[in-house]
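Biologist: I'm new to this one, so could you take me slowly through a single part of it? Pick one spot and then work outwards from there, please.

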Amino acid sequence: MRVGNLAGRSVVIVEERAVDVETASGGRFGPDPQAVYQDWDAFRAWAATVSGEAGAAFDQADLGAPVPEPRQVFAIGLNYRDHAAESGFDVPDGLPPVFTKFATSITGPVTEVALPPGGNTDWEVELVAVIGRRARDVPAADAWDHIAGLTVGQDISERVSQLAGPAPQFSLGKSFPGFAPTGPWVVTPDEFADPDDLALGSAINGEDVQKARTRELIFSVPLLVERLSAVLPLLPGDLVFTGTPAGVGLGRSPQRWLAPGDELVSHVEGIGELRQRFV
């Protein structure tokens, strides 16, 4: 099942057609894309009965963030060994580095992003997990039962702001407007042969810059749920950016940054792609 946000309204994507949730459910579920995660089990049971005949064709450029207003956004650092190495850090032990991307940075899959003046803006493709049930002290073996689905994310990062000052400003440097594109929709775990092993990557102007598989994550999605929920509750509709593989601009020699006119395309197998143009 694929759940999305079409022009600000919750939709289920069936057979490449968008079914308006409020209309098709007779008002049982409202139009707010964020609200479906508050009653996820009931929503998923209803959505499984929806036919594509009730939908309409749509343009992906009209899709918004599938989870537009999460209460909590968790972003995981150094979660691929090759990215930790290119960043000059040891592989984390125990709980990985955790920061946030502030919610105002969240956008949909096809966007134009303004580059901050005087900055070095970098790319980081990531698999993003969406929480579907409240999770507190959940063991990894039960974690997938608490995941509504998966989507594609970009942890766009302005490195000057991120690394300036007496202590790094990870969250601020990664939260400029448009710096958290997500989408194109949320795909439920049952749609994947193995949700723990998905290809992902990114390209700039058609040149591949990142390529990996999520089986290479140091902390898998279930392990992240276990470690995070041991500290605090994960709430329905929360986002977990699971980390990026090697190939970012910061780790290159010479370093490389996004420039006006660049197009960044990010993808995760079985979900789809994001497309950002920088100005």
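Modeller: Let's start with Glu124, which is buried, with a relative accessible area of 5%. Keep in mind that this is a predicted model. What does the side chain of Glu124 meet in a salt bridge? The partner is Lys174, at 3.4 Å from N to O. This pair links distant parts of the chain, 50 residues apart: Glu124 sits in the loop between β8 (121-122) and β9, and Lys174 in the loop between α5 (170-173) and β12.

Now, is Lys174 buried or exposed? Lys174 counts as buried, because its relative accessibility is 2% and the cut-off for buried is under 20%. Lys174 also has a salt bridge to Asp155, where the closest N and O atoms are 2.8 Å apart. Asp155 belongs to the loop between β10 and β11 (157-158), while Lys174 is in the loop between α5 and β12, so this second pair ties together parts that are 19 residues apart in sequence. Asp155 is buried too, at a relative accessible area of 1%.

For a salt bridge with another setting, look at Arg275 and Glu263, whose side chains meet at 3.2 Å, N to O. Here both partners are in strands: Arg275 in β17 (residues 272-278) and Glu263 in β16, so the pair ties together parts that are 12 residues apart in sequence. Arg275 is partly exposed, with a relative accessible area of 31%.

Back to where we began. Salt bridges that share partners join Glu124, Lys174 and Asp155 with Lys101, Asp122 and Arg159 into one network. The structure as a whole holds 20 salt bridges.

From Glu124 you can step along to β9, the strand on one side of its loop. Strand β9 is among the elements that cover the buried residues of helix α6, together with β4 (73-76), β5, β10 and β15. How many of the residues of α6 are buried? The number is 7 of the 9 in the helix, which runs over residues 221-229, so α6 is largely enclosed by the rest of the structure. You can pick the buried ones out by name: Val221, Pro222, Leu223, Leu224, Val225, Leu228 and Ser229.

One of the covering strands, β5 (residues 98-99), holds Val98. Val98 itself is partly exposed, at a relative accessible area of 36%. On the surface, Val98 joins Leu95 and Val231 in a nonpolar patch of about 240 Å².

Follow the chain past β9 and you come to Arg133, in the loop between β9 (125-131) and β10 (147-154). Arg133 is partly exposed, with a relative accessible area of 35%. Its C-alpha is 4.8 Å from that of His146, though the two are 13 residues apart in sequence. Leaving out residues up to four places away in sequence, Arg133 touches Asp41, Asp145, His146, Leu234 and Pro236.

That contact with Asp41 is a good cue to step back and look at the whole chain. The domain assignment gives domain 1 (2-58) and domain 2 (73-278). Their centres, taken over C-alpha atoms, are 26 Å apart. Where they meet, 11 residues of domain 1 are in contact with 12 residues of domain 2. UniProt, in an unreviewed entry, lists residues 73-278 as "domain: Fumarylacetoacetase-like C-terminal". Over those residues the chain is 12% helix and 33% strand, and the end C-alpha atoms lie 24 Å apart.

A few backbone oddities are worth finding while you're there. Most residues other than glycine have a negative phi, and most peptide bonds are trans. The bond from Gly183 to Pro184, however, is cis, with omega near -5°, and Pro184 is in strand β12 (residues 180-187). Another cis bond joins Ser253 and Pro254, with omega about 0°. Pro254 is found in the loop between β15 (239-241) and β16 (263-268).

As for phi, Glu16 has a positive value of about 65° without being a glycine, and its place is the loop between β2 (9-14) and β3 (17-20). Asn205, also not a glycine, has a positive phi of about 50°. You'll find Asn205 in the loop between β13 (199-204) and β14 (207-213), where it counts as partly exposed at 48% relative accessibility.

Conventions
Residues are numbered from 1 along each chain as its sequence is written. This is a predicted model: local features need pLDDT of at least 70, side-chain atom pairs count only at pLDDT 80 or more; totals for chains, interfaces and linings use all residues. Side-chain values use heavy atoms; hydrogens and water are left out. UniProt positions are given in the numbering used here, feature names are shortened, and annotations may be inferred rather than shown by experiment. Helices (H or I, at least four residues) and strands (E, at least two) are DSSP runs, numbered from the N terminus. Patches are made of residues with over 30% relative accessible area and no salt bridge: like charges are joined within 9 Å, nonpolar side chains (Val, Leu, Ile, Met, Phe, Trp, Tyr) within 5 Å. Accessible areas come from the Shrake-Rupley method with a 1.4 Å probe; for residues, only the protein chains shown count as cover. A salt bridge is a side-chain nitrogen of Lys or Arg within 4 Å of a carboxyl oxygen of Asp or Glu. Buried means under 20% relative accessible area, exposed over 50%, partly exposed in between (1.4 Å probe, protein chains only). Domain bounds come from an automatic or database domain assignment. Contact means heavy atoms within 4.5 Å.
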